Amino acid sequence: CMPSAIAMLRGCCATRRRHSLQVAEETETDLLAAAANDFQRAVLTEEFWASLEEQQPRHLPNVASQLLTSFSIDDIVSAFVRGSEAGFVAAHKRGEQYMRENIFLSYLDNASLNLTGAECFLKPLLAACQTLAPALGGHSVARLLLEPPEGRGPPLIADGDLLLLQLWGDQLLTLRRPTNRMGVSAPRPKPLLAAELRPGDALVVPGGVECHVTGGKFSIAVARVSSSPDAPGPQDSPLLYALFPLRMPEQSLDVALAKYLNDVLLESSLSQEADCFFRAAVTKHSRPERYFSSKTSLGSSSDEVADLATEVKGRELAAKLSTSATELASKISAAGLRKHMAARAKQLREEQEKSARKFLTERVVGAEQVVRTTSFVCVPSQIACHCEKGAAVAQFKRGSETLNLPISPTASGLIAKLSDALPHVVGDLPCEDPVERICVCQILIFKGCLELIEAPRD
């Protein structure tokens, strides 16, 4: 009786745990949906649509204050790790590609990280895209950019209209028309807008406008997780912002019409003559010699006969084109185009949700060795670490072997703290940049100079 009672008790506890997790997930989903709806209402105003119509930038202050609380440092780093494994992350330095062995080394080398399809790796961005989608052609995507404090890149020039959402850090942006095609002596255009973006602010950037970063500073929105009152407060931070395309090429009228016509040609029942004509894809501009060549069709080189053959073939082609085009036009309509665009947008949303479920739930190889701000780390007992604050090199000795590891002086205080060989919470380690703190610990773990440990019982 006792074993069966224990089994029943364990089953009951497991059921309660699953129920608690389900309730927590539903609560998180509801909170994200509410925050995303508030964001959508704050952004999609009459002023927003007017700025798009006039192709003028607009600063939208404090439109994502609720959504902002859903982004944590651990979630952001995890999104870049997962995105890197899936091939969605690119690193750039001074405008050129700069991907090292992993994203942690790239960031420590002051390279900016770019995550495409970011909504598939972060629930808050997915919720934001889903609420924006109905007003933006039925489908919305996001791109996430993370820039180190010393890694500012070249000006951002959008191919199309963008919505920039500031998540971490403050930055002063100046927007102006491009000057690369202007003469040297031509007067420079005046700035369209100068805006100081703070976490939760958004910025409408019209297509083709240059977005220059002219200043940045730390924001308390990237507050460290440290609970130690002795740990120094950060003075500078990385910049993190999301880009939402407002008018994607896939949603333009010409692309939508081309896809609609292509599907009509493939799926509609056309007459045999029209079907053969469209399959041949012959037009007066592409292959005139196929229809107008007199030598191959009539076997005569006479100018009169050639002119007559050209005229006959021209009338034949014009008649076939007119008949086939009339038949095709009878099968298309504005309502059909709208229905086709809605179906394509629905398919894209379903694929987006499927990808998000995959990337958010699948297990990353080596996930147990990924550092989090709440992780406990310690230098292994067989390794002696020495580093002074402000130093550019840290020494790790194992027996007779010594590793002289080049480091940034900004990470020297962190390594100096670790040199006492005691357990430390990653979030409590002194480092001005919270992302650099995680990257340094992660690289030291990769090199075997640091290890993750369980939380001490005391």
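## Largest cavity

In this predicted model, the lining of the largest cavity comprises four nonpolar, three polar and two charged residues. The volume of this cavity is about 80 Å³, and the structure holds two cavities of 30 Å³ or more.

The residues that line the largest cavity are Gly137, His139, Met248, Glu250, Gln251, Met341, Arg344, Ala345 and Leu348. Under the classes applied, Glu and Arg count as charged and Gly as polar; Glu250, Arg344 and Gly137 are among the lining residues.

## Second largest cavity

The second largest cavity encloses about 50 Å³ of space. Its lining consists of nine nonpolar residues, with no polar and no charged ones. These residues are Val77, Phe80, Ile103, Phe104, Tyr107, Leu113, Leu146, Val435 and Cys439.

Three helices each contribute at least two residues to this lining: H4 (73-86), H5 (103-108) and H14 (434-446). Helix H5 makes the greatest contribution, with three residues.

## Ser106 in helix H5

Helix H5 also contains Ser106. The relative accessible area of Ser106 is 0%, and the residue is therefore buried, the cut-off for this class being under 20%.

The side chain of Ser106 lies 2.9 Å from the backbone nitrogen of Arg100. Apart from neighbours within four places in sequence, the contacts of Ser106 are Ala91, Tyr98, Met99, Arg100, Ala111 and Leu113. Arg100 thus appears both in the 2.9 Å approach to its backbone nitrogen and in the list of contacts. Leu113, another contact of Ser106, is also one of the residues lining the second largest cavity.

Notes: Residues numbered from 1 in each chain as written. Predicted model: local features only at pLDDT ≥ 70, side-chain atom pairs only at ≥ 80, totals over all residues. Heavy atoms only, no water. 1 Å grid on protein atoms, 1.4 Å probe; cavity = no way out; pocket = protein on both sides within 12 Å on 5 of 7 lines; lining within 4 Å. Points joined across faces, edges and corners; volume = space filled by probe spheres on them. Helix = DSSP H or I, 4+ residues; strand = E, 2+ residues; numbered from the N terminus. Buried < 20%, exposed > 50% of the residue type's maximum accessible area, 1.4 Å probe, protein only. Polar contact = N/O pair within 3.5 Å; in protein donor to acceptor, adjacent residues only side chain to side chain. Contact = heavy atoms within 4.5 Å.
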